[in-house]
Amino acid sequence: MSSAASPSQGVRPLSDSPSAPAPDSLTILLYASNRLTRENVRLALGRRVAMDLPPVSVVEVATQPAVLSAMDDGGIDLAILDGEAVPGGMGLCRQLKDEIVRCPPILVLTGRPDDAWLATWSRADGVAPHPIDPFRLPGVVADMLRARVA
């Protein structure tokens, strides 16, 4: 009989524990119904958004139920929701902020820079406009992750 704990015996990811040592990687949930949007965001983020942060692991989902399931499972350090997705990421952001007690930070992608006020309504922690800027997006994500791991 082995005394080693199995994954099903309450072992939590490091990112869920506020007193845990620095994680080996940070998990980003990426929701967009458009495959090209997901690809553009993933490529813009790369494997590491900043040298002072651990590598990132991107979990891509294309549906609202998949977002809810991933958030319920825990272990998400940051969520990126496409405001142009169907159904929209802004309404989903507001729902997550209302329903999850310690909701991870959420970045909303808006259709244009003038839509930033909608992200405020959704209670997003950050906002970035379409088209995806591969130089700006990693910086915004890194700032949000630094606040999360601090």
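In the predicted model, the loop that joins α4 (116–121) to β5 contains arginine 123. Although arginine 123 is not a glycine, its phi is positive, at about 70 degrees. With a relative accessible area of 36%, arginine 123 is classed as partly exposed, because that value lies between the 20% limit for buried residues and the 50% limit for exposed ones.

Two further loops contain cis peptide bonds. One of these bonds runs from valine 86 to proline 87 and has an omega near -5 degrees; proline 87 belongs to the loop between β3 and α3. The other links histidine 130 to proline 131, with omega near -10 degrees, and proline 131 is situated in the loop between β5 and α5.

Another proline, at position 105, occupies the loop between α3 (89–99) and β4. Proline 105 has a relative accessible area of 12% and is therefore buried, the limit being under 20%. Beyond its neighbours within four places in sequence, proline 105 contacts Asp77, Leu78, Ala79, Lys97, Asp125, Met144 and Arg148. For the last of these residues, arginine 148, the separation along the chain is 43 residues, whereas its C-alpha atom and that of proline 105 are 7.5 Å apart.

At the level of the whole chain, the secondary structure consists of five helices and five strands, arranged along the sequence in the pattern β-α-β-α-β-α-β-α-β-α. Buried residues make up 40% of the 150 residues in the protein chain. When contacts between residues at least 6 apart in sequence are considered, 67% of them connect residues at least 24 apart. The exposed surface of the protein chain amounts to about 8,400 Å², of which carbon and sulfur atoms contribute 54%.

In soluble globular proteins, nonpolar side chains tend to be buried together. The largest nonpolar core of the present model comprises 22 residues, and Ile80, Leu107, Leu137, Val141 and Leu145 have the most contacts inside it. At least two residues of this core are supplied by each of β1 (26–31), α1 (35–45), β3 (78–82), β4 (106–110) and α5 (136–149). The contribution of α5, six residues, is the largest share. A second core, separate from this one, has 18 residues, including Val67, Ile76, Ala79 and Ile106.

Helix α5 is 14 residues in length and spans 20 Å from its first C-alpha to its last, close to the 20 Å expected at 1.5 Å a residue. Its buried residues are Leu137, Pro138, Val140, Val141, Ala142, Met144 and Leu145. An α-helix has 3.6 residues a turn, so residues three or four places apart point the same way. The elements covering the buried residues of α5 include β1, α1, β2 (56–61), β3, β4 and β5 (126–129). Within α5, valine 141 touches Ile28, Leu45, Val49, Leu78, Ile80 and Leu107, when residues up to four places away in sequence are not counted.

The packing of α5 against α1 was examined in terms of their axes, which come within 8 Å and cross at roughly 75 degrees. This angle makes α1 roughly perpendicular to α5. The contact between the two helices involves Val41, Ala44 and Leu45 on the α1 side, and Leu137, Pro138 and Val141 on the α5 side.

Notes:
Residues are numbered from 1 along each chain as its sequence is written. This is a predicted model: local features need pLDDT of at least 70, side-chain atom pairs count only at pLDDT 80 or more; totals for chains, interfaces and linings use all residues. Side-chain values use heavy atoms; hydrogens and water are left out. A nonpolar core is a set of buried Ala, Val, Leu, Ile, Met, Phe, Trp, Tyr and Cys residues joined through side-chain atoms within 4.5 Å. Buried means under 20% relative accessible area, exposed over 50%, partly exposed in between (1.4 Å probe, protein chains only). Helices (H or I, at least four residues) and strands (E, at least two) are DSSP runs, numbered from the N terminus. Contact means heavy atoms within 4.5 Å. Accessible areas come from the Shrake-Rupley method with a 1.4 Å probe; for residues, only the protein chains shown count as cover. The expected span of a helix is 1.5 Å times one less than its number of residues. Axes are lines fitted to C-alpha atoms, for helices over the stretch in contact, and angles run from 0 to 180 degrees between N-to-C directions. Angles under 35 degrees count as roughly parallel, over 145 as roughly antiparallel, 65 to 115 as roughly perpendicular and the rest as oblique.
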